[in-house]
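Here are a few friendly notes to read alongside the coordinates. They cover the nonpolar packing and some backbone angles.

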Amino acid sequence: MIYSVLLNFNTGSVILDIQILQLIEGARQARGLTVIIDVFRAFSVECYAMAGGAKAILPVGDIQKAYRMKAEHTDCLLVGERGGMRCEGFDCGNSPSELEKLNLTGKIIVHTTSAGTQGIANGKDAEEILTGSLVNAEAIVKYILARRPERVSLVCMGLEARTETEEDTLCAQYIKARLLGKHPDISREID
């Protein structure tokens, strides 16, 4: 879906082209300021990690790259999954509840998943990439409005980057609506 609208900012008008894209192919098509969305796990995990004191998160698409990064930087934490299961040798899987058991203060986290980080790895033509979930949706909206990009791509990564999911599409639609100045009641959709 492509939406072109005129937004009025204090300094004038900007044409904002908002695209809602799906899965790996959507990440490959993403242009402009891009939000890779994975609501249930990947990017909610990253929000919780930063709130827990992590110094940085390094998302990678390739599990072998994650292992190499750990070998080079033994003090980093490996977080991630394949097929919903914690990767062998990782400090935790892709769950906020597992992160709560770790001391994240000042830690660098190497994060790899079946969906979300695959979107980052495939978003090679994006000018800038943000990670998105419902946890940080309002912060994303504020950031995009402050940056005033001409083009925004909202990429829903779905289940294992193979099947569209309602929660990722709902998040993209919510962000789009907020960028258009609307205030949807998302709580009704979540029930």
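**Notes on packing and backbone**

1. Please keep in mind that this is a predicted model. A good place to start is Ile144: setting aside neighbours within four places in sequence, Ile144 is in contact with Leu33, Val35, Leu130, Pro149, Val152 and Leu179.

2. Ile144 also stands out in the largest nonpolar core, which has 22 residues. The members that touch the most other members are Val35, Ile37, Ile144, Leu154, Ile175 and Leu179. At least two residues of this core come from each of strand S2 (12-22), strand S3 (32-37), helix H6 (137-147), strand S9 (151-156) and helix H7 (166-179). H7 gives the largest share, with six residues.

3. There is also a second, separate core, made up of twelve residues. Leu21, Ile24, Ala115 and Ile120 are among them. As background, nonpolar side chains tend to be buried together in soluble globular proteins.

4. Now for the backbone. Most residues other than glycine have a negative phi. Arg148, in the loop between H6 and S9, has a positive value, with phi near 55°. Arg148 counts as partly exposed because its relative accessibility is 35%, between the limits of 20% and 50%.

5. Ala161 is another residue other than glycine with a positive phi, here near 60°. You will find Ala161 in the loop between S9 and H7. Is Ala161 buried or exposed? Its relative accessibility is 11%, under the 20% cut-off, so Ala161 counts as buried.

Technical notes:
Residues are numbered from 1 along each chain as its sequence is written. This is a predicted model: local features need pLDDT of at least 70, side-chain atom pairs count only at pLDDT 80 or more; totals for chains, interfaces and linings use all residues. Side-chain values use heavy atoms; hydrogens and water are left out. A nonpolar core is a set of buried Ala, Val, Leu, Ile, Met, Phe, Trp, Tyr and Cys residues joined through side-chain atoms within 4.5 Å. Buried means under 20% relative accessible area, exposed over 50%, partly exposed in between (1.4 Å probe, protein chains only). Helices (H or I, at least four residues) and strands (E, at least two) are DSSP runs, numbered from the N terminus. Contact means heavy atoms within 4.5 Å.
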